Amino acid sequence: MAAVKDIVTLVLDKDHKTTVTVHLHGATVLAWKTQGKELLFVSENAVYDNKKAIRGGIPLVFPNFGPWELGPQHGFARISRWKLEKRPEKDDSGGMAAVFTLTDNKDTRKMWDHKFKLTYTLYLTEKTFTTTLKVDNTGGDPFTFTTLLHTYFRTDDVTKATVSGLKGLEYADKVRGDAKFTEDRDLVTVAEEVDRTYAGTPNSHVITGVVGGGKILMEKTNLPDTVVWNPWVDKAKAMGDFGDNEYPSMLCVEAGHVATPLSLGAGQSFTGSQTLTLLDE
Ligand code: BG6
């Protein structure tokens with residue numbers, strides 16, 4: 001269990017049916033509940049020691065997607081302590097916003113000697129949840145990075161889930177040594193270990209088979225790539241913070257800028273975001 005002091009909650013309604021829960025470790029979104037339905041997956045074996053990345057929800061990948069020669073896999077953002085910059089507050093249109101920030105510090109500079117500020121804005125309405133990451137280069141030199149919103153959707157049975165919008169696109173398949181293939185299915189499904197990076201994806205995907213027969217529209221801005229991941233049987237067993245039998249209950253569909261790195265000159269900034277909408281069944 002996460003400690004109360006580490007948790008920030010956005011509560012939209014008095015019945016607590018529509019909420020978002022965030023852990024300050026990584027500014028990791030742990031839960032997004034809308035209309036009483038929890039739509040994100042977090043492993044029962046997730047570790048909340050403020051060191052390890054939290055297994056589930058929406059970990060933030062920055063400044064590197066995948067194995068990294070300068071630091072841990074997927075970078076340091078998901079294992080850094082973030083600051084709550086703006087407490088959850090209702091705006092004029094009735095949505096609820098909160099802002100978290102991470103700036104370079106001695107730990108990040110040891111791995112990656114650049115000055116930066118990350119601003120992560122969460123915005124919750126009755127049916128939508130928007131996560132926006134702004135990266136500011138606050139130093140005097142340019143830097144390059146990759147970034148991704150590593151969203152774990154909760155599924156009833158992953159083999160019945162589908163992801164639209166990938167047909168005809170090239171993907172790198174990590175399960176097959178990063179070999180490149182072209183997707184030929186209208187709807188991508190999962191029936192084995194899947195770890196694919198699709199490059200140049202459209203700005204929206206529909207994900208079906210989310211818990212309770214739910215359908216989610218994922219709309220993304222400035223995040224041109226999509227990763228689809230499920231560890232399946234053997235990888236699930238190999239991960240210490242993931243239950244052996246949990247793989248049917250999750251599907252990661254991850255919006256990012258990962259196929260090619262981004263470059264930011266001194267003083268420049270980048271903003272990427274995704275909006276998740278629970279569609280009517
Ligand atoms: C996915 C990667 O985004 O994250 C996979 O494509 C990786 O290769 C997965 O296994 C989980 O990574 P981690 O570091 O959280 O175990």
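**Exercise 1. The shell around the ligand**

Task: Determine how the residues of the shell around the ligand divide into nonpolar, polar and charged in this predicted model.

Solution. Begin with the membership: the ligand is surrounded by Ala53, Gln73, His74, His150, Lys174, Asp195, Val227, Trp229 and Glu254. Next, assign each residue to its class. Ala53, Val227 and Trp229 count as nonpolar. Lys174, Asp195 and Glu254 count as charged. Gln73, His74 and His150 count as polar. The shell thus divides into three nonpolar, three polar and three charged residues.

**Exercise 2. The annotated active site**

Task: State at which residues UniProt places the feature "active site", and explain why they gather at one spot.

Solution. The unreviewed UniProt entry places this feature at His150 and Glu254. These residues span 105 residues in sequence, but their C-alpha atoms are no more than 4.8 Å apart, so they gather at one spot.

Consider each residue in turn. Histidine 150 occupies the loop between β10 (143-149) and β11 (152-154), whereas glutamate 254 belongs to strand β20.

Then compare the contacts, leaving aside neighbours within four places in sequence. Those of histidine 150 are Ile58, Pro59, Val61, Cys252 and Glu254. Those of glutamate 254 are Leu148, Leu149, His150, Thr151, Thr226, Val227 and Trp229. Val227 and Trp229 also appear among the residues around the ligand.

**Exercise 3. Burial of the annotated residues**

Task: Decide whether histidine 150 is buried or exposed, and do likewise for glutamate 254.

Solution. The cut-off for a buried residue is 20 or more other C-beta atoms within 10 Å. Histidine 150 has 22 C-beta neighbours inside 10 Å and therefore counts as buried. Glutamate 254 has 23 other C-beta atoms within 10 Å, so this residue is buried as well.

**Exercise 4. The nonpolar core**

Task: Identify which residues of the largest nonpolar core touch the most other members.

Solution. The core contains 68 residues, and those touching the most other members are Val20, Leu40, Leu60, Leu118, Phe153, Ile207 and Ile216. Strand β20 (residues 250-264) supplies the largest share of this core, six residues. Take leucine 118 as one example: beyond four places in sequence, this residue touches Phe62, Ala77, Thr101, Leu102, Leu133 and Val135. As a general background, nonpolar side chains tend to be buried together in soluble globular proteins.

**Exercise 5. Strand β18 and its sheet**

Task: Establish where β18 stands in the open sheet of nine strands, and which residues form its covered face.

Solution. The order of the sheet is β6-β7-β8-β9-β21-β18-β17-β12-β15, with antiparallel pairing. β18 therefore stands between β21 and β17. At the edges are β6 (83-90) and β15 (187-188), each of which pairs on one side only.

Proceed to the partners of β18. Strand β17 (residues 204-210) is joined to β18 by six bridges; among the pairs, isoleucine 207 is bridged to isoleucine 216, and threonine 208 stands opposite lysine 215. Three residues separate β17 and β18 in their hairpin, where glycine 212 takes a positive phi near 75 degrees. With strand β21 (residues 269-279), β18 forms seven bridges, and lysine 220 stands opposite glutamine 274.

Finally, inspect the faces. The covered face of β18 (residues 214-221) consists of Gly214, Ile216, Met218 and Lys220, and the uncovered face of Lys215, Leu217, Glu219 and Thr221.

Notes:
Residues are numbered from 1 along each chain as its sequence is written. This is a predicted model: local features need pLDDT of at least 70, side-chain atom pairs count only at pLDDT 80 or more; totals for chains, interfaces and linings use all residues. A residue is near a molecule or strand if its C-beta atom, placed from the backbone, lies within 6 Å of it. A nonpolar core is a set of buried Ala, Val, Leu, Ile, Met, Phe, Trp, Tyr and Cys residues joined through C-beta atoms within 7 Å. A residue is buried if 20 or more other C-beta atoms lie within 10 Å of its own, exposed if 12 or fewer, and partly exposed in between; C-beta atoms are placed from the backbone. Helices (H or I, at least four residues) and strands (E, at least two) are DSSP runs, numbered from the N terminus. Two residues are in contact if their C-beta atoms, placed from the backbone, lie within 7 Å. UniProt positions are given in the numbering used here, feature names are shortened, and annotations may be inferred rather than shown by experiment. Two strands pair if DSSP finds at least two bridges between them.
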